[in-house]
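I opened a new notebook page for this one. Come along while I look things up, one entry at a time.

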Amino acid sequence: MSLTLYYDLLSQPSRAVYIFLKCCNIQFKSKLINLAKMEHCTPEYQKIHPFQKVPAIEHNGFNIIESVAILRYICREFEVADHWYPKDSKLQVKVDEYLEWQHLNTRVHCALYFQKKYLMPLLSGQPVQPERIKQYEKNMKENLDLLENVWLKDKPFLISSEISIADILGVCEVEQVRIGGYNPHEGRPRLAAWMKQVADITSPHYQEAHMFLNKLVNKVTEQASRNKL
């Protein structure tokens, strides 16, 4: 079967789908869509993804957009371990709970903090407005606290004692805030342990997918250190 992944590893959900395919040893063709070069805005890519975002997949001529839909589809169509997205309806719906919740929570608040603190100033050349960033950071912190105190309160992963697609999606969103200079581990031992476990279980694909992100984090850290001198 022919599977093609359209992605950019700067994109949180792109990383999640990439890591999952690699971990499950699912063969796919890589089609990098360079967001910085606006390759997602080409007419050719719009035929794949009408909203011109990443990721997207093409499977035997069938296009699928939206990372959650892609991950669910892969779990149904390919041979993957049951813990990723259990076939049992009661276990599956617990994964679905997080997948539905995260859209207006983990994803939106972590992504907005990253965009307003790092991406928009970079693209516009305009300095960060501290008061506006303060509110985005507050919302992001409150959401990370929900991961720490609710989702991870009594279990090592978001859903149960085993990793699922919810964990990969969640971790990739949380990693993104590090580019804004924020350390999500600080004061959140359960979240820190969870992120480490996900990275260890999905190694070396996790580290590969986050290589560019880590370079950006190091660059931001070095710049902040120079500014303090």
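**Entry 1: the overall layout**

I began by reading along the sequence, and the chain follows the pattern β-α-β-α-β-β-α-α-α-α-α-α-α-α. I keep in mind that this is a predicted model. My tally of the secondary structure came to 10 helices and 4 strands.

Next I looked up the dimensions. Along the principal axes, the C-alpha atoms fill a box of roughly 55 × 45 × 30 Å. I then checked the radius of gyration, which is 18 Å for the chain; a compact globule with 229 residues would have one near 17 Å, so the two agree.

How much of the chain is buried? I found that buried residues make up 45% of the 229 residues. I also looked at the surface: the chain exposes about 12200 Å², and 54% of this is supplied by carbon and sulfur atoms.

One more item for this page is the contacts. Among those with a separation of 6 or more, 68% are between residues 24 or more positions apart.

**Entry 2: the largest pocket**

I went looking for open space and started with the largest pocket, which holds about 1200 Å³. Its lining is made up of 37 residues. Which residues lie nearest its centre? I noted Ser11, Gln12, Leu35, Gln115 and Leu119.

Then I asked which elements give two or more residues to this lining. They are α1 (12-23), α3 (67-77), α5 (106-124), α7 (165-176) and α10 (211-228). The most comes from α5, with 11 residues.

I sorted the lining of the largest pocket by class as well. I got 21 nonpolar, 11 polar and 5 charged residues.

**Entry 3: the second largest pocket**

I moved on to the second largest pocket, with a volume of about 350 Å³. Here 15 residues form the lining, and Lys117, Tyr118, Ile179, Val220 and Gln223 are the closest to the centre.

Two helices I had already met turned up again: α5 and α10 each supply at least two residues of this lining. Which element has the largest share this time? It is α10, with 7 residues. By class, I counted 8 nonpolar, 4 polar and 3 charged residues in the lining of the second largest pocket.

**Entry 4: two single residues**

I picked Asn143 and found it in helix α6 (residues 130-151). Is Asn143 buried or exposed? Its relative accessible area is 2%, and buried means under 20%, so Asn143 is buried. I then listed what Asn143 touches, leaving out residues up to four places away in sequence: Trp101, Asn105, Thr106 and His109.

My other pick was Gln46, which sits in helix α2 (residues 43-48). Gln46 has a relative accessibility of 40%, so I wrote it down as partly exposed. I also took its C-alpha to C-alpha distance from Thr4: the two are 15 Å apart in space and 42 residues apart in sequence.

**Entry 5: the backbone exceptions**

I saved the backbone for the end. As background, most peptide bonds are trans, and most residues other than glycine have a negative phi.

Where are the cis bonds I noted? One runs from Val54 to Pro55, with omega near 5°. I placed Pro55 in the loop between α2 and β3 (56-59). Another cis peptide bond joins Ser203 and Pro204, and there omega is about 0°. Pro204 belongs to the loop between α8 (189-201) and α9 (205-209).

For positive phi I wrote down Met38 and Glu66. Met38 is not a glycine, yet its phi is near 60°. I found Met38 in the loop between β2 (29-32) and α2. With 47% relative accessibility, Met38 counts as partly exposed.

Glu66 is not a glycine either, and its phi is positive at about 75°. The place of Glu66 is the loop between β4 (62-65) and α3. Its relative accessible area is 42%, so I logged Glu66 as partly exposed.

Conventions:
Residues are numbered from 1 along each chain as its sequence is written. This is a predicted model: local features need pLDDT of at least 70, side-chain atom pairs count only at pLDDT 80 or more; totals for chains, interfaces and linings use all residues. Side-chain values use heavy atoms; hydrogens and water are left out. On a 1 Å grid over the protein atoms alone, a cavity is a set of points where a 1.4 Å probe fits but cannot get out, and a pocket is an open set with protein on both sides within 12 Å along at least five of seven lines; lining residues have an atom within 4 Å of a point. Grid points are joined across faces, edges and corners, and a volume is the space filled by probe spheres set on the points. Ala, Val, Leu, Ile, Met, Phe, Trp, Tyr, Cys and Pro count as nonpolar, Asp, Glu, Lys and Arg as charged, and the others, Gly among them, as polar. The radius of gyration is taken over C-alpha atoms; the globule rule is 2.2 Å times the number of residues to the power 0.38. Buried means under 20% relative accessible area, exposed over 50%, partly exposed in between (1.4 Å probe, protein chains only). Contact means heavy atoms within 4.5 Å. Accessible areas come from the Shrake-Rupley method with a 1.4 Å probe; for residues, only the protein chains shown count as cover.
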